[in-house]
Amino acid sequence: MILQRAFKPASIKIGLESEDKDELLEELVDVLAKTYPKDKEFPREQVLDALWAREEKMSTGIYKGVAVPHATVEGIDSLHGVLGISKKGIEYESLDGSPVYLVFMLISSPGEAELHLDALRKIALLIQDPVLLDNLMKAATPEQVYALIREFEASAVL
């Protein structure tokens, strides 16, 4: 139930305000900062730097309106995710040239590389289900999105 652990209702934002990748990464990191454990220091600049370093290698806008920015960062306590949904689309320099509408951001510590890869594999399976993607886009609340993720993980052969 790795995706349920990474993407809690508090880290799901419907109605992203960003218009391009620069704004989007800032917006997602701001959501993560708000949901990060209050007793731990959030390494905001390191997270942004790591995400940009990954994007410089190759765009994480990978599949029909979906982006999966991700990075490992020293000082992060565990696997964290932010799921953002945009109704209007965001210019992301995607591999297919299309705007993105669903963004699954993952951040973890370097020591949790296996968990990080497992989460990426599960996201890869999730985005291959067009009905689920459509339902995620239609969800009105973060709780509805979270319920769809829970249902996916409960029923998927992972």
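Where is Leu 95 found? Here are some notes on that and a few other spots; bear in mind that this is a predicted model.

1. Leu 95 lies in the loop that runs between β5 (80–90) and β6 (100–108). Its relative accessible area is 51%, so it counts as exposed, the cut-off being over 50%. Together with Met 58 and Ile 62, Leu 95 makes up a nonpolar surface patch of about 280 Å².

2. Glu 93 also deserves a look, sitting in the loop between β5 and β6. Its phi is positive, about 60°, even though Glu 93 is not a glycine. Most residues other than glycine have a negative phi. As for accessibility, Glu 93 comes out as exposed because its relative value is 57%.

3. Now to Ser 18, which is placed in the loop between β1 (12–14) and α2 (21–35). Is Ser 18 buried or exposed? With relative accessibility at 3%, Ser 18 counts as buried.

4. What does the side chain of Ser 18 reach? One partner is the backbone nitrogen of Leu 24, at 3.2 Å. Another is the side chain of Glu 27, joined to that of Ser 18 by a polar contact of 2.3 Å. I'd check that pair by eye in the model.

5. For the wider surroundings of Ser 18, set aside the neighbours within four places in sequence: Ser 18 is then in contact with Glu 23, Leu 24, Glu 27, Lys 88 and Ile 90. Leu 24 and Glu 27 are thus on the contact list as well as being polar partners of the Ser 18 side chain.

Methods. Residues are numbered from 1 along each chain as its sequence is written. This is a predicted model: local features need pLDDT of at least 70, side-chain atom pairs count only at pLDDT 80 or more; totals for chains, interfaces and linings use all residues. Side-chain values use heavy atoms; hydrogens and water are left out. Helices (H or I, at least four residues) and strands (E, at least two) are DSSP runs, numbered from the N terminus. Buried means under 20% relative accessible area, exposed over 50%, partly exposed in between (1.4 Å probe, protein chains only). A polar contact is a pair of N or O atoms within 3.5 Å; within protein, one must be able to donate a hydrogen and the other to accept it, and residues adjacent in sequence count only if both atoms are side-chain atoms. Contact means heavy atoms within 4.5 Å. Patches are made of residues with over 30% relative accessible area and no salt bridge: like charges are joined within 9 Å, nonpolar side chains (Val, Leu, Ile, Met, Phe, Trp, Tyr) within 5 Å. Accessible areas come from the Shrake-Rupley method with a 1.4 Å probe; for residues, only the protein chains shown count as cover. A salt bridge is a side-chain nitrogen of Lys or Arg within 4 Å of a carboxyl oxygen of Asp or Glu.
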